[in-house]
Amino acid sequence: MLAQAKPNSAPERDMIPKPLLVAILALVVTSLAIVGAAAVTGRAHVGVPKAATILAERSVILQGGGAQAVTVLAADGSVMMDLPHGGFITVIQNGLERARTNARLDQSLPVRIIKYDNGRLAVLDDASGWSAELGAFGSDNRAAFERLMSQN
């Protein structure tokens, strides 16, 4: 006669180890305490660009044309650039498009490219409040928008 295996009386359970759960809880509580203390004490924000005077400004319209293409129009609607592979300009256009979609805004509104006296270069969308600090993405990507600033 064949011996029968006894069924396990308690099924195996996949469990998260208790020390890991305690560590996760400690992380959450610590994070909330730090954020709460900063909010209550009125601590100044860090990582926020310093205020500066505007040196130059240009309004442009960024129109997406698929996954990589972008057309850059002047504020009057004339074509400045038609780029089948827009690179970083397409990345910024995609971010802008997403912000405007979420805010249910017209995609054809202009944005401002602003150069500040402290060297900052930024794209600002007054309609949605979206912005991007272009210096944070490297000198080659910043140069793409500097070319837009210098175009006639």
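The following paragraphs describe the strands, aromatic contacts and a surface patch of a predicted model. Local features were taken at pLDDT of at least 70 and side-chain atom pairs at pLDDT 80 or more, while totals for chains, interfaces and linings use all residues. Residues are numbered from 1 along each chain as its sequence is written, and side-chain values rest on heavy atoms, with hydrogens and water left out.

A good place to begin is strand β2 (residues 70-74), which runs antiparallel to strand β3 (residues 79-83) and is joined to β3 by four bridges. Helices (H or I, at least four residues) and strands (E, at least two) are DSSP runs, numbered from the N terminus, and two strands pair if DSSP finds at least two bridges between them. Within this pairing, Leu-73 stands opposite Val-79 and Thr-71 opposite Asp-82. The hairpin of β2 and β3 has four residues between the strands, and Gly-77 there adopts a positive phi near 95°. Strand β2 also pairs with β1 (residues 54-64), again in the antiparallel sense, over five bridges. Here Leu-73 is the bridge partner of Ile-61. Five residues separate the strands in the hairpin of β1 and β2, where Gly-66 has a positive phi near 105°.

How enclosed is β2, and what covers its faces? Five of the five residues of β2 are buried, so the strand is largely enclosed by the rest of the structure. The term buried means under 20% relative accessible area, exposed means over 50%, and partly exposed lies in between (1.4 Å probe, protein chains only). In a regular strand, side chains alternate between the two faces of the sheet. In β2, Val-70, Val-72 and Ala-74 are buried on one side, and Thr-71 and Leu-73 are buried on the other.

Turning to the rings, two aromatic pairs were found in a search of the whole structure. Rings of Phe, Tyr and Trp (its six-membered ring) pair if their centres lie within 6.5 Å; planes under 30 degrees apart count as stacked, over 60 as edge-to-face and the rest as tilted. Phe-88 and Phe-137 make a tilted pair, at 5.0 Å centre to centre and 50° between the planes. This pair links distant parts of the chain, 49 residues apart: Phe-88 belongs to helix α2 (residues 88-102), and Phe-137 to the loop between β6 (131-133) and α3 (139-150). Phe-88 is buried, at 10% relative accessibility, whereas Phe-137 is partly exposed at 41%. Phe-88 and Phe-145 form an edge-to-face pair, with 5.9 Å between centres and 85° between planes. Phe-145 lies in helix α3, so its pairing with Phe-88 of α2 ties together parts 57 residues apart in sequence. Phe-145 is buried, at 0% relative accessibility. Ring pairs thus join Phe-88, Phe-137 and Phe-145 into a cluster.

On the surface, Ile-16, Leu-20, Leu-21, Ile-24, Val-28 and Leu-32 make a nonpolar patch of about 560 Å². Patches consist of residues with over 30% relative accessible area and no salt bridge, like charges being joined within 9 Å and nonpolar side chains (Val, Leu, Ile, Met, Phe, Trp, Tyr) within 5 Å. A salt bridge is a side-chain nitrogen of Lys or Arg within 4 Å of a carboxyl oxygen of Asp or Glu. Leu-32 sits in helix α1 (residues 18-41) and is exposed, at 61% relative accessibility.

Definitions and conventions
Areas by Shrake-Rupley, 256 points an atom, 1.4 Å probe, with all protein chains shown as cover.
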